[in-house]
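Work through the exercises below with the model open beside you. Each one sets a task and then solves it step by step.

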Amino acid sequence: MFTTGSKLFLGATVMAVVAAVVYGLSTGGSSGWLGVMGLLSASLVLAFLFGVNYYTHDGNVSAMSENATLDAPAAQPPVGRSMWPVVAAVAVGAIAVGAQSKPIVFKAGVVVLVAAAVEWMVQGWSERASADPAYNAGLRKRILHPLEFPVLAAAGLAAIIYSFSRIMLWIDKSGGPVVFIIAGALVLFGGFLFAAKPSLKKGVVTGVCAIAALGIVSTGAVMAVDGQRTIEEHPTTRSDNGAACALAGEGSGTQAEVDEKGSQAVASKSGIAITLVLENGTLTAHEQALPGTLKTVTIGRGNIVNVIFKNHDAEKRRLTVNMGEFTQVINGTTVKQQPKACTTLVRGKDGSQFLSFILPKPSRASTQPYSFTVPGVDGAEIGITVP
Amino acid sequence: MSGVDQPVSTVRSVKQRAGIAFAIIAGAALLGGCARNAPQDTFQPAGENAQKIQNLQLPVFIVAGIVGLIVFGVVLFVVIRYKDRGQEMPKQTHGRPALEIALTILPAVILIAVGIPTVSTVFSLAKTGDTQCVINVTGQQWWWEYEYPVQDCGGVNIAEPIVTSGELVLPTKVHVLLRVTSNDVIHSYWIPKLNGKRDAVPGRISPLRMEADQPGIYAGQCTEFCGLSHARMRMDAVGLTPTDFGTWVANQLELAPKPTDATALAGEDTFRTQCSRCHQVNGLMEENADGTNSDTPVIAYPDLYEISGNAPNLTNLMTRTTFAGATWDLLTDECRKTLHDAPPDKFGALYLKGVTPECFNEAELREWIRNAPAKKPMYSSEAQKTENGGKYRGMPNLNLTDDQIDQIIAYLLERK
């Protein structure tokens, strides 16, 4: 006979089919097809649940079966406690907090919630898969370990890498290579030791690795809280009227980067054509591979030119490239433009900054000469010739 | 039986013929290495740095050759001596420590013996502290530009920057430093008889030392694949005595005079309207309404039309012997041979004469002006211009008339 649960789902199935017919007829035409489809889909699901309940007798253990009262999965007591409800609760809390504070907290909450839900479901199912707890535990491992191991390994590696990056960003720039060399040497030494002594106990190897990992992560956490060292920003600016680049002090307004963050690129910095040094109010230029200093430099037309400006004076200064003067007719009006590119203000006493630019036209095309200048320092000028 | 033997005989005959043909080709290739007139022969150094490379590569090749011969000889001996003829498997042994140690130490010793002079030579070639002259070299698709900054170049004063292309003119016995870069893609600069090669990379300046011992022309070739006409991106280095170099510099610094010939005068107008958008001629002036020259110089704006932002400066075109990436000669075959075969003491005077009317290889230049992309593959059609963001990659076909071509050639013939 029909069980209580199966009767419920059978009735709901019939109701869903009837509702689909009524809804379809009342809305008419093709406009109500979405609702009809939804109700029919619901009826299919309900019919399936009806079948499941009917077949399993609502999951009840038959009072007539003595064996079932002892061995059936449903007759087994719950197996231990589960941490996943707590984890899920924490995740929900993180989602709520993250929704009002930082997106990263919200996203982490969602990830943890999904992971907790999967773990919880698999654990709940596996604990009742059979009457043999050992078999159930093995079943859980077989399903979840292929997921858990790679994810946990990736998370562990990410934590170590991120922690190490915090350490490197905290340490002074000159000390960074030393730390990197020592860390690399230790890893090499450890690897050599483990390889040379295969008889080392597994616990020793695991312990050493765990202590090292914990050391890196905890140190990284401390240094992340303390904050990274001051990293000098190297934006360069360009404008057609040259207003910002002509200032000895801070400019105002938005300034677009002329080299699209190329100033941060190691490749560009390693291809320096000219080094310009401001010292005692005098600007000098040194071209790569040429002896001595220059008061005029020759730059190839249309070539990308990378220069470094070094400020040895006490005041903050910027280097400006005066890219000549050109007359242009815009909407019938003759406009004189004096394009310039410049660094931001470079701190005094050995501050340095990179600048990249192109001079597409020869010097004789301009009514004003090309030059490097330092605004606010009279006579600090290096001529530029573009043949 | 004879019916069965016949095909075998034929097969053998084909194999034998193929073997003979292979031997002839291999022999010819081998003999080709003995050519003495190979213009890009790295084994014929003509400069200090090239000689340093030669001093290194010769013993290294000898050592490598001997090692190679020994290895091939042993392999050949083993293959023939121990060929499977159905004999019994020889006794198998494991481990010969003495032999293994010897075969480890011997290559290590050879590598150290090669490595020490190699490192020493590398550092020696990188030396730039004693530079006497600087020339900026810029590669672009598909030609080289040379720019001489203001300086004292080995005793010759360069009062104004000089821009030229195709031919690198340098004073002999002077330590010249090339500062090599590129305007578009990566190229590589190589004059085999004067030094090794150096990549030309946009945004980077790579120094390359170059000296020529004797006056003469030294051929080179771009050695980094750089697009459609990479094979036609050549260059010549021209060595001149310091005195002749001084004469060359003085000539290069002179502005182009007004043409005297009527056709050339018409050519100046045509050049101004058709060519000067990209090609600079120093001394070419804007024209007044009455046909006279104004005081305003004509400035080329290749940055508006070319991806590289550059086109060859033609002020002194006829002081060069080649054009279009040093691919075609401005001299007739006979005059070219005379110049290339000239003894060092007579070379300078001959070179400084430039392209005379009787030595002018007009046909090649005419074809080039008529339809450059047809002569040298470039991405410079109107359709490709659209693909390239509104700019050409190389010289386009200007669809000039025969009269216009005559006029431009007459004008260019006076650019000396």
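## Exercise 1: An exposed turn residue

A:Asn280 has 6 C-beta neighbours inside 10 Å, so it counts as exposed. The cut-offs are these: buried means 20 or more other C-beta atoms within 10 Å of a residue's own, exposed means 12 or fewer, partly exposed lies in between, and C-beta atoms are placed from the backbone.

Ground rules: this is a predicted model, where local features need pLDDT of at least 70, side-chain atom pairs count only at pLDDT 80 or more, and totals for chains, interfaces and linings use all residues. Residues are numbered from 1 along each chain as its sequence is written, and chains are lettered from A and ligands numbered from 1 in the order in which they are written.

Task: locate A:Asn280 and state its phi.

Solution.
- Step 1. Find the loop between β2 and β3 of chain A; A:Asn280 lies there. Helices (H or I, at least four residues) and strands (E, at least two) are DSSP runs, numbered from the N terminus.
- Step 2. Read the backbone. A:Asn280 is not a glycine, yet its phi is positive, about 55°.
- Step 3. Set this against the usual case. Most residues other than glycine have a negative phi, and most peptide bonds are trans.
- Step 4. Name the motif. β2(A) and β3(A) form a hairpin with 2 residues between them.

## Exercise 2: Build the sheet around β2(A)

Task: give the strand order of the open sheet in chain A, then trace the partners of β2(A).

Solution.
- Step 1. The sheet has 4 strands in the order β3-β2-β5-β10, with mixed pairing. Two strands pair if DSSP finds at least two bridges between them.
- Step 2. Mark the edges. β3 (282-287) and β10 (351-358) of chain A each have a single partner strand, so one side of each is left without a neighbour in the sheet. From one strand to the next, the twist averages 20°. Axes here are lines fitted to C-alpha atoms, for helices over the stretch in contact, and angles run from 0 to 180 degrees between N-to-C directions.
- Step 3. Take the antiparallel side. β2(A), residues 274-279, is joined to β3(A) by 6 bridges. A:Leu276 stands opposite A:Ala285, and A:Leu278 opposite A:Leu283.
- Step 4. Take the parallel side. β2(A) pairs with β5(A), residues 304-311, over 5 bridges. In β5(A), A:Asn311 is the bridge partner of A:Leu278.
- Step 5. Split the faces of β2(A). A:Ile274, A:Leu276 and A:Leu278 point to one face and are buried. A:Thr275, A:Val277 and A:Glu279 point to the other and are not buried.

## Exercise 3: A second positive phi

Where is A:Lys349, and is it buried or exposed?

Solution.
- Step 1. A:Lys349 sits in the loop between β9 (340-343) and β10 of chain A.
- Step 2. Its phi is positive, about 55°, although A:Lys349 is not a glycine.
- Step 3. A:Lys349 has 9 C-beta neighbours inside 10 Å and therefore counts as exposed.

## Exercise 4: Turns and a cis bond in chain B

Task: describe the hairpin of β13(B) and β14(B), then find a cis peptide bond.

Solution.
- Step 1. β13(B), residues 285-287, runs antiparallel to β14(B), with 2 bridges between them. B:Glu287 has B:Asn293 as its bridge partner.
- Step 2. The hairpin has 5 residues between the strands, and B:Gly291 takes a positive phi near 95°.
- Step 3. Check cover. β14(B) spans residues 293-297, and 0 of its 5 residues are buried.
- Step 4. Move to B:Gln141 and B:Trp142. A cis peptide bond joins them, with omega about -5°. B:Trp142 is in the loop between β1 and β2 (143-148) of chain B.

## Exercise 5: Interface and confidence

How many residues of chain B are in contact with chain A?

Solution.
- Step 1. 26 residues of chain B are in contact with 22 residues of chain A. Contact means C-beta atoms, placed from the backbone, within 7 Å.
- Step 2. Name the strands. β1 (133-140) and β7 (176-182) of chain B each supply at least two residues of this side.
- Step 3. Check confidence. The predictor gives the complex an ipTM of 0.76 and a pTM of 0.69. Chain B has a mean pLDDT of 90, and 97% of its residues reach 70 or more. pLDDT is the predictor's confidence in each residue, from 0 to 100.

Note on methods:
Two residues are in contact if their C-beta atoms, placed from the backbone, lie within 7 Å.
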